[in-house]
Amino acid sequence: MTLKNQSRLGFGTKILNHKTNEIGLLIYTWDNTFADGDVPFATCVDKNGKRYNIEMDNISPIED
């Protein structure tokens with residue numbers, strides 16, 4: 001797994017994790033390089049402060 005095109009542009013954006021239906025915060029986005037191509041990923045934190053990586057397709061930004 002290689003971090004590629006890391007960006008902190010959306011740092012602090014409130015997101016909804018569609019896998020767990022929980023709200024979290026976006027830390028940064030990046031491309032995960034696999035043998036067959038690049039997959040966009042995000043590193044986020046949940047409400048307990050635990051950091052996790054998730055595919056960008058599984059999250060969406062929410063507004064207050």
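What follows walks through the fold, the surface and a handful of residues in this predicted model.

The overall layout is simple to describe. The protein has six strands and zero helices, and reading along the sequence gives the pattern β-β-β-β-β-β. In space, the C-alpha trace spans about 35 × 25 × 20 Å along its principal axes. The radius of gyration is 12 Å, which agrees with the value near 11 Å that a compact globule of 64 residues would have. Buried residues account for 28% of the 64 residues. As for how the chain comes together, take the contacts between residues at least 6 apart in sequence: 39% of them join residues at least 24 apart.

On the outside, the protein exposes about 4,500 Å², with carbon and sulfur atoms supplying 50% of that area. The charges come to 7 positive and 9 negative, and the mean positions of the two sets sit 8 Å apart.

Turning to the aromatic rings, the count comes to one aromatic pair. The partners are W30 and F41, whose rings are stacked, with 5.2 Å centre to centre and 25 degrees between the planes. The label follows from the angle, because planes under 30 degrees apart count as stacked. This pair links distant parts of the chain: W30 belongs to strand 3 (residues 22–34) and F41 to strand 4 (residues 37–45), with the two positions 11 residues apart in sequence numbering. Both partners are out of the way of solvent by the accessibility figures. W30 has a relative accessible area of 3%, so it counts as buried. F41, at 11%, is buried as well, since the cut-off for that class is under 20%.

Strand 4 also holds C44, and here the accessibility drops to 0%, so C44 counts as buried. Leaving aside neighbours within four places in sequence, C44 is in contact with I15, L25, L26, I27, K50, R51, Y52, I54 and I59. One of those partners, I15, is 29 residues away along the chain, yet the C-alpha atoms of C44 and I15 are separated by 8.5 Å. K14 can be placed against C44 too: the two are 30 residues apart in sequence and 9.5 Å apart in space, C-alpha to C-alpha.

K14 itself sits in strand 2. With 31% relative accessibility, K14 counts as partly exposed, because that class runs between the 20% and 50% limits. Beyond its neighbours within four places in sequence, K14 is in contact with I23, G24, L25, S60, P61, I62 and D64. L25 therefore turns up in the contact lists of both K14 and C44, going by the heavy-atom criterion of 4.5 Å.

Back in strand 4, V39 is another residue worth a look. Its relative accessible area is 25%, so V39 is partly exposed. Setting aside neighbours within four places in sequence, V39 is in contact with W30, D31, N32, F34 and E55. The last of these, E55, lies 16 residues from V39 along the chain, and their C-alpha atoms are separated by 7.4 Å.

N53 is placed in strand 5 (residues 51–55). N53 has a relative accessible area of 44%, so it is partly exposed. Leaving out neighbours within four places in sequence, N53 is in contact with W30, F41, A42 and T43. Those contacts include both members of the stacked aromatic pair, W30 and F41. A longer reach in sequence is given by T20: N53 and T20 are 33 residues apart along the chain and 13 Å apart in space, C-alpha to C-alpha.

Finally, there is a backbone detail in the loop between strand 2 (14–17) and strand 3, where N21 is found. N21 has a positive phi of about 55 degrees although it is not a glycine. The relative accessible area of N21 is 59%, so this residue is exposed, given that exposed means over 50%.

How values were computed. Residues are numbered from 1 along each chain as its sequence is written. This is a predicted model: local features need pLDDT of at least 70, side-chain atom pairs count only at pLDDT 80 or more; totals for chains, interfaces and linings use all residues. Side-chain values use heavy atoms; hydrogens and water are left out. Helices (H or I, at least four residues) and strands (E, at least two) are DSSP runs, numbered from the N terminus. The radius of gyration is taken over C-alpha atoms; the globule rule is 2.2 Å times the number of residues to the power 0.38. Buried means under 20% relative accessible area, exposed over 50%, partly exposed in between (1.4 Å probe, protein chains only). Accessible areas come from the Shrake-Rupley method with a 1.4 Å probe; for residues, only the protein chains shown count as cover. Lys and Arg count as positive and Asp and Glu as negative; His and the chain ends are not counted. The place of a charge is taken as NZ of Lys, CZ of Arg, CG of Asp or CD of Glu. Rings of Phe, Tyr and Trp (its six-membered ring) pair if their centres lie within 6.5 Å; planes under 30 degrees apart count as stacked, over 60 as edge-to-face and the rest as tilted.
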